[in-house]
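Dear colleague,

I am passing on the structure below, and I would be glad if you could look it over before reading my notes, which follow directly after it.

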Amino acid sequence: MPRKLILPFLCLLYFVNYLDRVNIGFAGPNGMSDELGLTSTVFGFASGVFFIGYLLLEVPSNLALHRFGARRWIARIMISWGILATAMAFVPNGTVLIVLRFLLGVAEAGFFPGIILYLTYWYPQEDRARIVALFMVAVPISTALGATFSGLLIQWTDWRTMFLVEGLPAIALAFVVWFWLPDKPADAVEQPAEEHWPLKKALTHPRVLALSFVYFGIVYGLYTLGFFLPTIIKGLAPDAGVVERGLVNAIPYVLGAVAMVLWARHGDRTGERKWHVAAPMLLGGAAIPFALHLDNPVAAMVAVSVCAIGVCAALPTFWALPTSFLGGTAAAGGIALINSLGNVSGFAAPYVTGWLRDLTGTQKTGLWVVGITMVAAAVVALVQRAGTEKV
């Protein structure tokens, strides 16, 4: 595969990956919850249990990628998750849904941190936020386009067909990875030896654990929006059709995609990292509670869009922090640990939000938790040392 096609191809893989991860959010309010008899708590648990399996195997999976090479390991991950994603089309009840979501997390473990590690082989530190932004723009794009595409599939067929159709591309693309994706360039860009940490230090150092909490806060906002925004929009516009709600769902993520790329470029140009992570988190964390006091649906969507912009803008620059001081095996383990601990919020966010909705009868309490978590994580980001400073 030509070098210039590597990044666009990785974006395509992540687009498919993220859509298969969050399309349960489109299925829930459009027939699945009613057909399977799911409460908000059970739906939140099924959405979030994915991340338990993800957490358990993230570090060993990324170490395996570092050892066996990106081509073979990423292809193995994609075939596994593609099979399980298509199997979601045949779930008979909530219990099987929960089991399949857990196994999907097991199958996907190592994909995202593996790609972040893979990008460090190809691009130097001074370009890394911009490159990660171009890769991660697949998140808002998959949510924006995925909402519309998923809505059309559900309208034309049903939620089961949506799962089937959206799971098959992962299997097909796995063969492209196997035959054409290079393991690394001959001139792989890696940290100099004196900057390398041993693996044990990377897995236990307070600095890495603090960054895990920062990532937890970012992802808490991301997955709350991903899993519950379709439900929130349905509540704001109950008379709108599935496709219309999908288009409205896309608006915050289109804006987030633009902000993600522009903010990351600014971070690379200035070389500043901490405020480029913390400032959008503070903005997004404040926007969510503000939205709770808006009765006008349009004004509420503006506030939700600001939150999405904050989350998306913080994501790529964040990954410039750990990759500035981790290299080699320590990078494989440390990046995976940060991603796995941070993605605990992928379980906590939908489960806590769903549970609080069942408990209180409103989304407001759960969204207050989102705002507080994001602000707390922003504060932790600000007290971190700059990436290249000695520990």
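Helix α16 is mostly covered in this predicted model, since 16 of its 22 residues are buried. The helix takes in residues 297–318, and because each residue should add 1.5 Å, a span of 32 Å is expected, which agrees with the 32 Å that separate its end C-alpha atoms.

On the cysteines, the structure holds zero disulfides. Cys307 takes part in none, and the nearest cysteine sulfur to its own, that of Cys312, is 9.2 Å away, whereas a disulfide would need the two sulfur atoms to be within 2.5 Å. Cys312 is likewise in no disulfide, with Cys307 supplying its nearest cysteine sulfur. As for their surroundings, Cys307 counts as buried because its relative accessibility is 0%, the cut-off being under 20%, and Cys312, with a relative accessible area of 1%, is buried as well.

The surface offers another feature to look at, namely a nonpolar patch formed by Ile79, Ile83, Phe175, Trp178, Phe179 and Trp180, which together have about 660 Å² of accessible area. The elements that each give two or more residues to this patch are α6 (70–87) and α11 (159–180), and the largest share, four residues, comes from α11. Phe175, which lies in helix α11, has a relative accessible area of 47% and is therefore partly exposed, as this value falls between the 20% and 50% cut-offs.

With best wishes

Methods:
Residues are numbered from 1 along each chain as its sequence is written. This is a predicted model: local features need pLDDT of at least 70, side-chain atom pairs count only at pLDDT 80 or more; totals for chains, interfaces and linings use all residues. Side-chain values use heavy atoms; hydrogens and water are left out. The expected span of a helix is 1.5 Å times one less than its number of residues. Buried means under 20% relative accessible area, exposed over 50%, partly exposed in between (1.4 Å probe, protein chains only). Patches are made of residues with over 30% relative accessible area and no salt bridge: like charges are joined within 9 Å, nonpolar side chains (Val, Leu, Ile, Met, Phe, Trp, Tyr) within 5 Å. Accessible areas come from the Shrake-Rupley method with a 1.4 Å probe; for residues, only the protein chains shown count as cover. A salt bridge is a side-chain nitrogen of Lys or Arg within 4 Å of a carboxyl oxygen of Asp or Glu.
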